[in-house]
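Hi,

Here is the structure I promised to pass on. Have a look at it first, and then read my notes below.

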Amino acid sequence: MKIRAPLRAAAAGGLSGVMLAALTIEERLHQVTDERRNRYVRQWARSLLGILRVDIRMEGAPGDRNRASGAPAVVPQLVVANHRSTIDILLMLHLFGGQLLARGDMAKWPALGVMARRAGTLFVDRSDPTSGASAVQRMRERMRRGISIGVFPEGTTFAGDEVREFQAGAFVAIAREKGIVVPVGIAYQRADAIYADEPIADHLKRITRARSTCVGVAIGEPIPAAGAGVAKLASNAHDEVQRLVYSARSLVDHTPP
């Protein structure tokens with residue numbers, strides 16, 4: 001365990017550095033398309049999950065194969081999930097690609113923050129109404145370009161399987177673009193994967209020290225946003241994510257630790 005953590009941290013940092021350098025060089029040579037950037041991000045997330053030995057037990061599918069391969073979404077898409085760990089970020093990017101809506105302090109996180117900025121993450125100060133309004137406009141612009149947007153509407157991480165009330169802001173964009181909401185439920189087998197009220201460095205150290213991390217991911221059917229009120233859409237998505245969390249829990253509860 002004493003050797004495992006620094007080796008994984010070094011591997012994660014090295015991988016991020018190589019991917020960032022490759023993306024930077026390509027950007028200098030020619031314009032990088034959204035699809036190409038998406039491939040970089042998905043590969044980075046997939047590789048980090050491998051370094052951390054994250055064992056994904058999944059129910060449902062991320063979506064059509066064109067989107068999974070990095071092509072633009074056919075219709076505007078908002079992916080919503082409960083939030084328990086920084087690993088959630090890697091899961092969302094690995095499975096769905098696209099870009100995330102994240103709290104502002106994530107931009108300063110080690111390794112994750114640097115790549116998140118380059119990946120086009122939309123950072124928002126949830127205490128600032130003007131920041132939220134700006135985020136909605138930027139989300140709509142990205143959706144029109146065929147970029148899937150992922151968000152954790154609870155606003156922060158929590159322990160346990162209870163899904164807290166969803167903040168409605170992110171649903172404004174998808175309702176106006178008349179797209180779909182893809183609900184996702186996440187459950188970890190062990191509590192040490194949870195990002196609690198602690199410094200981010202402590203959380204990352206605990207993840208790198210773990211022999212492996214088993215996580216259940218349940219993906220539900222898309223919820224049409226057209227014609228739905230924002231509050232009702234957020235409520236329906238919340239209820240479906242809660243159902244999916246219980247499904248995800250059953251995936252890991254039947255897996256030996």
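How much area does the protein chain expose, and what share of it do carbon and sulfur atoms supply? The chain exposes about 11,800 Å², with 56% of that supplied by carbon and sulfur atoms (accessible areas come from the Shrake-Rupley method with a 1.4 Å probe, and for residues only the protein chains shown count as cover).

Some ground rules. This is a predicted model, where local features need pLDDT of at least 70 and side-chain atom pairs count only at pLDDT 80 or more, while totals for chains, interfaces and linings use all residues. Residues are numbered from 1 along each chain as its sequence is written, and side-chain values use heavy atoms, leaving out hydrogens and water.

On confidence: pLDDT is the predictor's confidence in each residue, from 0 to 100. Its mean over the protein chain is 85, and 86% of the residues reach 70 or more. Watch residues 65-71, though, where pLDDT stays under 50. Where pLDDT is low, the predicted coordinates should not be read in detail.

Now the overall picture. The protein chain has 9 helices and 8 strands (DSSP runs numbered from the N terminus: H or I of at least four residues for helices, E of at least two for strands). Of its 257 residues, 53% are buried, meaning under 20% relative accessible area with a 1.4 Å probe, counting protein chains only.

Next, the inside. The largest nonpolar core (buried Ala, Val, Leu, Ile, Met, Phe, Trp, Tyr and Cys residues joined through side-chain atoms within 4.5 Å) has 37 residues, and Trp44, Leu91, Val184 and Tyr188 have the most contacts inside it. Among the elements giving it two or more residues are helix H1 (4-29), helix H2 (34-51) and strand S6 (180-188). Helix H4 gives the most, with 8 residues. Apart from this core lies another one of 28 residues, including Leu101 and Phe171.

Two residues to click on:

- Val184 touches, among others, Val79, Phe96, Val217 and Leu244, leaving aside residues up to four places away in sequence (contact means heavy atoms within 4.5 Å).
- His94 lies in helix H4 and counts as buried because its relative accessibility is 17%. With the sequence neighbours up to four places away left out, His94 touches Arg42, Ala45, Arg46, Leu49 and Ile56.

Finally, helix H8 (residues 200-209): its buried residues are Ile200, His203, Ile207 and Thr208. Seen down the axis of H8, they fall within an arc of 130°, so they line one face of the helix (the arc is that of the directions from the helix axis to the C-beta atoms).

Cheers

Key
Buried < 20%, exposed > 50% of the residue type's maximum accessible area, 1.4 Å probe, protein only.
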